[in-house]
Amino acid sequence: MSYEKLAKEIVQGVGGEKNVVSLVHCATRLRFTLKDNNKADKATLEKTAGIITVKESGGQFQVVIGNTVPEVYNAIGKVSGILNESKTEDQPKSGKKGIGNLIDVISSIFAPLLGVMAGAGILKGLLLIASNFEWLQKTDTTYIILYAAADALFYFLPALLAVTTARKFGGSIFTALTIAGALLYPTIVQLKTDGTETDFFGIPVVMMSYSSTVIPIILSVIVMSHLEKFCNRIIHESVKNFVTPLISLVVMVPLTLIVFGPFGVYVGNGIADALLAAFAFSPLLAGAILGASWQLLVIFGVHWGLVPVFINNIAVYGKDGIKPAATASVFAQTGAAFGVMLRTKNKKLKTLAGSATLSALFGITEPAVYGVTLPLKRPFIAGLIGGAVGGAIIGQAGTQAFASGAPGLLTLPIFYGPGGQGFPGLIIGISASFLISAVLAYVLGFKDPVEEDNSSAAPVNEVKLDRGAGRTGRTGEKALSPLSGTVVSLSDVPDPAFSSEAMGKGIAIEPSAGRVVAPFDGTITVAFKKKHALAIVSDQGAEILVHVGIDTVKLNGEHFTSHVKEGDRVSAGQLLLEFDVEQIRAAGYATVTPVIVTNTMDYIDVIELQQGQVREQDELLQIIGESSEPAVLAKTVSGARLA
């Protein structure tokens with residue numbers, strides 16, 4: 001699979017880079033916050049090879065990928081500017097309120113940490129086992145070093161959450177980190193340890209322990225982000241870069257210690273106590289409910305509301321009795337997928353169910369749920385029943401989690417505490433969940449998909465890789481050069497939106513003169529107000545974007561003169577735009593100008609016809625359509641690409 005190709009398709013499918021406010025990923029899915037969800041093409045994305053399914057939940061547009069989500073996420077960073085750290089566009093006005101907005105916030109803050117949190121949790125669990133069986137002593141330096149690696153994330157959790165919260169709310173990451181650092185600063189910690197009576201200019205300060213806490217730093221950074229934006233609006237540009245952080249630190253550190261810290265700790269402990277009380281009242285019933293409902297919570301994205309509770313319990317009490325019951329739900333859906341694999345006669349479904357079972361055993365349930373059990377309905381219900389039984393067993397056994405991590409075979413060590421108490425109940429519970437769900441899925445049955453005869457069909461991969469897929473029967477044509485200058489490969493343009501071909505194929509020109517002329521007869525479809533770019537569609541349907549320079553939109557039209565407006569008819573060679581090359585360069589902007597065929601996918605290919613120096617009206621691009629003559633194509637390819 002080409003991750004960069006898939007990344008381009010995803011960016012296009014979510015409505016383009018400009019429609020994306022933020023992107024994070026968890027273990028299996030890309031979680032987009034979009035300006036307008038209506039611009040996303042959900043149906044097309046769901047049919048794209050490499051995508052399991054697409055869900056809109058918790059205020060997010062979620063593209064479920066599976067185990068390769070980190071690779072696809074990184075590829076999106078290569079083909080677009082979505083992951084640019086400085087990207088702090090306005091939040092979408094989508095009308096999300098209440099629980100939807102809350103889930104969006106929680107998932108955006110915690111999702112980036114899940115991978116390293118699972119790894120650290122597994123290591124912590126393994127060290128607990130090694131200590132309990134006396135394979136390692138806690139005084140051994142080997143144990144101390146490994147425990148530091150396992151516990152550092154949890155000890156410094158406020159600092160990590162400061163980063164993700166600042167990203168979510170558009171605040172300064174470094175100011176947020178500094179506030180978190182103040183909460184963990186040795187002398188502040190010592191005030192709490194020694195029980196020193198503390199005040200701030202006479203205002204009493206209730207000192208708390210902030211290591212591993214969740215709510216205080218999140219509240220603090222949210223308020224800090226709004227304070228920064230207010231300060232940046234009223235403080236002069238010449239001094240705001242250091243005055244705003246100064247105000248943020250002077251205000252937010254004391255405010256956090258006086259208000260947000262104690263409030264957050266008390267609220268977190270209160271929620272935890274309420275859930276623990278439910279398990280204390282009837283661990284069997286509470287475990288059954290959570291075991292049955294956890295996967296439903298995951299589908300709707302509301303499981304994120306419990307993630308801070310799990311982490312808070314481990315931070316405050318050193319263990320959590322709620323998370324183990326959720327593990328039963330994971331193994332239940334795994335068993336249901338296994339039952340489907342055993343029963344189905346459809347070779348494709350059997351292969352899918354087998355691979356999904358393997359992934360789910362290690363905690364990645366999306367392929368099993370979205371690809372197998374949920375579409376078939378009855379197997380999913382079988383998983384709910386199995387999860388309820390297993391959750392009841394685990395709840396009654398009093399199993400505890402002693403570290404964080406996604407439920408799965410590899411993370412079982414996190415449930416092994418001192419003396420192994422409750423661990424046998426966990427093993428019995430997840431085994432019961434798996435077996436009951438597998439048997440019920442097999443016995444209850446499902447509508448087995450009819451085996452498709454693809455013997456005469458084109459291979460799926462060939463269809464996916466065809467650049468001409470979706471062509472509208474356009475004829476080929478040539479585009480003339482809109483500028484004079486030096487030809488530059490599009491891959492060398494210092495902007496991934498162009499160099500990755502995410503916007504289409506084409507070429508770039510380093511201009512020697514500040515003129516842009518029409519590359520063919522056509523109509524101006526876009527004339528940007530900042531005058532730095534324009535788009536023109538030919539009479540045959542080719543759409544070309546000419547973008548003068550990189551980031552020149554920031555010049556707000558300075559050094560540019562436009563001679564056309566949207567809707568104008570133009571002829572090849574007609575002057576469209578003038579710009580001052582030297583002044584733009586003096587302002588610190590690159591002037592290399594991409595010339596992009598933005599509807600590339602409507603054609604078979606786009607071929608560059610020039611190298612080195614080019615003049616206005618020289619033949620620049622061959623846009624190959626379905627009706628292009630073979631002899632012309634052969635000459636074009638040999639003359640341009642093999643020269």
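Select Asp 551, which sits in the loop between strand S13 (543–547) and strand S14 (560–562). The model shown is predicted. Although Asp 551 is not a glycine, its phi is positive, at about 65°. With a relative accessible area of 39%, Asp 551 is classed as partly exposed, because the partly exposed class runs between 20% and 50%.

Next, move to Phe 201. This residue belongs to the loop that runs between strand S5 (198–200) and strand S6 (203–205). Phe 201 is likewise a residue other than glycine with a positive phi, here of about 50°. Is Phe 201 buried or exposed? Its relative accessible area is 79%, so Phe 201 is exposed.

**Helix H11**

Please select Val 259, found in helix H11, which covers residues 237–281. The relative accessible area of Val 259 is 39%, and the residue is therefore partly exposed. Now add Val 205 to the selection and display the C-alpha atoms. How far apart in space are Val 259 and Val 205? The distance from C-alpha to C-alpha is 8.5 Å, while 54 residues separate the two in sequence.

**Helix H14 and a buried polar contact**

Proceed to helix H14, and select Gln 333 within this helix. A relative accessible area of 1% makes Gln 333 buried, because buried residues are those under 20%. Show the side chain of Thr 373 as well: the side chains of Gln 333 and Thr 373 are joined by a polar contact of 3.0 Å.

Remain in helix H14, which spans residues 323–343, and select Arg 343. Arg 343 is partly exposed, having a relative accessible area of 34%. Which residues form a positive surface patch with Arg 343? Add Lys 345, Lys 350 and Arg 378 to the selection; together with Arg 343 they make up the patch.

**A nonpolar patch**

A patch of another kind can be displayed by selecting Leu 342, Val 439, Tyr 442 and Val 443. This patch is nonpolar, lies on the surface, and has about 390 Å² of accessible area in total. Which helix supplies the largest share of the nonpolar patch? Helix H18, residues 423–444, contributes 3 residues. One resident of helix H18 to pick out is Val 439.

**A buried threonine in a loop**

Select Thr 600 next. The loop that holds Thr 600 lies between strand S17 (593–597) and strand S18 (605–608). Thr 600 has 3% relative accessibility and therefore counts as buried. Display the backbone of Lys 505 alongside: the side chain of Thr 600 reaches the backbone nitrogen of Lys 505 at 2.9 Å.

**Salt bridges**

The tour now turns to charged pairs. Side chains of opposite charge can pair when their charged atoms come close. How many salt bridges does the structure hold? There are 8 salt bridges in the structure.

Begin with Glu 510 and Arg 585, whose side chains form a salt bridge with an N to O distance of 2.9 Å. This pair connects distant parts of the chain, 75 residues apart: Glu 510 belongs to strand S9 (residues 505–511), and Arg 585 to helix H21 (residues 581–586). Glu 510 is partly exposed at a relative accessible area of 28%. Arg 585 is also partly exposed, with a value of 33%.

Keep Arg 585 selected and add Glu 582. The side chains of Glu 582 and Arg 585 also meet in a salt bridge, at 3.5 Å from N to O. Both residues are located in helix H21, where they are 3 residues apart, or about one turn of the helix. Glu 582 has a relative accessibility of 53% and so counts as exposed, because the exposed class begins over 50%.

For a further salt bridge, select Arg 615 and Asp 618, whose closest N and O atoms are 3.8 Å apart. Arg 615 is exposed, at 60% relative accessibility. Asp 618, by contrast, is buried, with a relative accessible area of 18%.

Finally, return to Glu 510, Glu 582 and Arg 585 and display them together. These residues are joined into one network by salt bridges that share partners.

Note on methods. Residues are numbered from 1 along each chain as its sequence is written. This is a predicted model: local features need pLDDT of at least 70, side-chain atom pairs count only at pLDDT 80 or more; totals for chains, interfaces and linings use all residues. Side-chain values use heavy atoms; hydrogens and water are left out. Patches are made of residues with over 30% relative accessible area and no salt bridge: like charges are joined within 9 Å, nonpolar side chains (Val, Leu, Ile, Met, Phe, Trp, Tyr) within 5 Å. Accessible areas come from the Shrake-Rupley method with a 1.4 Å probe; for residues, only the protein chains shown count as cover. A salt bridge is a side-chain nitrogen of Lys or Arg within 4 Å of a carboxyl oxygen of Asp or Glu. Lys and Arg count as positive and Asp and Glu as negative; His and the chain ends are not counted. The place of a charge is taken as NZ of Lys, CZ of Arg, CG of Asp or CD of Glu. Helices (H or I, at least four residues) and strands (E, at least two) are DSSP runs, numbered from the N terminus. Buried means under 20% relative accessible area, exposed over 50%, partly exposed in between (1.4 Å probe, protein chains only). A polar contact is a pair of N or O atoms within 3.5 Å; within protein, one must be able to donate a hydrogen and the other to accept it, and residues adjacent in sequence count only if both atoms are side-chain atoms.
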